[in-house]
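Here are a few exercises to work through with the model open on your screen. Try each one yourself before you read the solution.

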Amino acid sequence: MKLTIGAICGPAGSKANRTGSWRSYRPILHPETCTDCGLCATFCPDSCVFPQGEAYCIDYTYCKGCGICAEECPSGAIKMIVEEK
Amino acid sequence: MSAKLIKEREPELLAPGHRACPGCGTAIAVRLILKATGRDVILVSPTGCLETFASRYLESPWEVPWMHPLFENAAAVASGIEAALRVKGSSTKVVVIAGDGGTFDIGMGGLSGMFERGQDILYICYDNEAYMNTGVQRSASTPYLASTTTSPHGRRAWGEDRPKKDMPAIAAAHGIPYVATASLAYPQDLINKIKKALSIKGPKYIQIDCPCNIGWGFPESKTIEMARLAAQTGLTPLFEMENGQVTKVRKIKDRKPVEEYLEAQSRFRHLFQREGGAGQIAKIQAIADANARRYGLDS
Amino acid sequence: MKLHETKGQRAVMEGSWAVAQAVARCRPGVISAYPITPQTHIVEYLAQLVADGDLAAEYLRVDSEFSAASAVYGASGAGVRAYTASSSQGLLLMTEVLYNMAGTRLPVVISAANRTLSAPISIQPDQQDTISLRDSGIIQLYVEDSQEAHDAHIQAFRIAEDPEILLPVMVCMDGWLITHTFEPVEVATQEAVDAFLPPFKPLHSLDPACPLTFGSFTDDDKLMEFRYMVHQAQQKAKLRIEEAARAFEQSFGRYYGGLIEAYRTEGAEILILAMGTMVGTIKEAIDQMRGAGHKVGLIKIRSYRPFPAESLRELTQSAKAVAVLDNNISLGAFGALAADVALCLANQIRRPAILPCIIGLGGREITIDSIKSIVERAHQVAEGGAPPADSFWVDLRPELL
């Protein structure tokens, strides 16, 4: 790997950094309770929640387990459970 | 509740894998900012939390052009970029995303110059109310009586002894066309304000309250809740100013007492544990009341 | 003031006007500067050219030198040719940005109207200001007169923008002695400059079509290599500086030296090393001394960074003593040029004695007699006299101390 001039680099290299390993808790989304409001996806600091069908899905590769999605979900569709290592 | 902002899996212009702390308010703010700007933007950020978590060499999360120069010169660098884009005949927007340290303190001179030159730049301050990246030292944005590592409460001190610098007023005093404050708790409002700002020619200033769970001392899942409480107590008034006049205010129904906000954060916990704390809390309530009067917050 | 179209003709003009015209003809897209004596006339002339429509550039009037340097940093990052100018305190205020510029490999050209540093405050010239930037990675050329100042700016853009160099280039010229002095100068035509200097083609720039991240942070496993890359670019610049000077000679008929100029060095027993306008005085002094039979010569240092170590080793081999004239001082130690020369020659088998001299600080006049006194001292050192314990402070006024 050769260094680039001026330490300038290309986009989205961060995807190689799997921040999912940081988790102590993981969110579980229950689609049956989900009202499809989308607040979880809006508020995720790590862009880890995305729409799927009429509910939402979590990208566990990067999810740091902060729990904002569970906290903000108005219908209680997201629960935080202990991350099993 | 606001309408769905993310309707389908759309490309994220701030890619995952960045090194923000879990629950980082600034990361949320940046995602929302990028939803408003889209791809046709050049971003500049000074040294700070955002720069640190979003620029490890070869691990950049940015899907748009982004430049980190130094700590004090984001506004001046953005000025040069804006001038260069005029030379190239480009309509790409120039947006600064800077922390409170780089805005209220060390970047003030250059920022004032950018405002004064009337350049077409949107300057957004992600305000986490201290120098968080370097370990929670106070900035001119740190609210009155907050405990930080350089304004700690102690036997002879109650924490930060100066009120929060009124940057929106300072920005407006330059005669710039648009100034606004925004909150993570109202994401659609934040996006609307950014889009409105981008539609106006000239310098614009938007300050976003970005709660920091590490620096303020609250559980990482409560970031949005803290932003909500800050707004609902009147401590973070949400308003727009156009050409120096307040034109829109987010009114508060049943304004909450500041205690509910303060007791949820360890940076204010000393106010509840020490003798005389109640008297100090009353001073913070007075700040909230003054905001409410000044901006007509109570509905 | 109209841009001169006077091919093949010299006209008497202020040095600042010569520089402004050279810069204007290099077609900078963004200019930004903050006033400080004695740089002011350069940036005022450029402002007038823009105001009259003779120069199509965006001219940013900024709040400080820090912002001026930052603005051209941003403009260069956005892929546009950019220029700034400063002196003295202004250069120090720009320092952080200039280091950043070199590390980010942005090819900005900077005019430095040399002026001494506070405290005490003085607006008189010496090279303390630019010398204090010598570690930054910026290429530094020191010019001897207004014509060279004009010529060097045109070469500077070409050197800076070379894809194997991509470093800021600073053209250093003595404040007042060049900037405010009226001399005959031949100003290049736009056509000739366009032929010599093609449009700027950035290697990398801020562009949504190809999003890049500038200003990443790096760890201990890579920083040394990033520094080494700049150091390598500086070494490569030694070739490019000479090439640009020779190419300029081809196109414009003038050559002021590449990395150095060797003036009457053949068979010299005593060599003088110097930079800046004092070179003109030294050449006069040498002509007089050679006329009287003294074997004395001058090595004009034109490129101070990169440091012309190879040329110096070659040219100083047979000399008995080298008087290094520093128009600066690293207080508590030596002049910068003397320190660099000493290390450069330290391991040579045949090397001259070194007489480090501090001269002309804060505009103290440098006369032919000053030079002759230096040569005399150099002879003493060459003939086995006690090596100097400290630098020879030329024309110091002991009665004030």
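A salt bridge here is a side-chain nitrogen of Lys or Arg within 4 Å of a carboxyl oxygen of Asp or Glu. A quick note before you start: this is a predicted model, so local features need pLDDT of at least 70 and side-chain atom pairs count only at pLDDT 80 or more, while totals for chains, interfaces and linings use all residues. Residues are numbered from 1 along each chain as its sequence is written, chains are lettered from A and ligands numbered from 1 in the order in which they are written, and side-chain values use heavy atoms, with hydrogens and water left out.

**Exercise 1.** Work out how chain B and chain C are held against each other, starting with the salt bridges.

*Solution.* Step one: count the salt bridges between chain B and chain C, and you get three. One to look up is B:Arg56 with C:Asp219, whose side chains meet at 2.5 Å, N to O.

Step two: add the polar contacts (N or O atoms within 3.5 Å; within protein, one must be able to donate a hydrogen and the other to accept it, and residues adjacent in sequence count only if both atoms are side-chain atoms). The rule gives 13 such residue pairs across the interface of chain B and chain C, both residues at pLDDT 80 or more.

Step three: see which elements on chain B do the touching. Helices (H or I, at least four residues) and strands (E, at least two) are DSSP runs, numbered from the N terminus. Those giving two or more residues to the side facing chain C are β1 (41-44), α2 (49-53), β2 (66-67), α3 (74-88) and α5 (108-117) of chain B. The top contributor is α3(B), with ten residues.

Step four: check for strand pairing, which takes at least two DSSP bridges between two strands. β2(B) runs parallel to β9 (residues 213-214) of chain C, and two bridges join them. Within that pair, B:Met67 is matched with C:Phe214.

**Exercise 2.** Put a size on the same interface, and find the three residues of chain B that bury the most.

*Solution.* Start with contact, meaning heavy atoms within 4.5 Å: chain B brings 37 residues and chain C brings 34. Next comes buried area, the accessible area (1.4 Å probe) that two parts lose on being put together, summed over both. For chain B and chain C that is about 2900 Å², with 64% from carbon and sulfur atoms. B:Tyr57, B:Met67 and B:Leu70 supply 20% of the area chain B buries here, more than any other three residues.

**Exercise 3.** Do the same for chain A and chain B: how much area is buried?

*Solution.* The answer is about 3200 Å², and carbon and sulfur atoms give 58% of it. In this interface, 39 residues of chain A touch 40 of chain B. There are three salt bridges, including B:Lys222 with A:Glu71, whose closest N and O atoms are 3.1 Å apart. Polar contacts come to 20 residue pairs, both at pLDDT 80 or more.

**Exercise 4.** Trace the seven-stranded sheet of chain C.

*Solution.* Go strand by strand: the order is β3-β2-β4-β5-β7-β6-β13 (chain C), an open sheet with mixed pairing. Its edges are β3 (58-61) and β13 (303-305), each pairing on one side only. Finally, zoom in on β6 (residues 139-142) and β7 (residues 169-174) of chain C, which run parallel with four bridges; there, C:Tyr142 partners C:Cys172.
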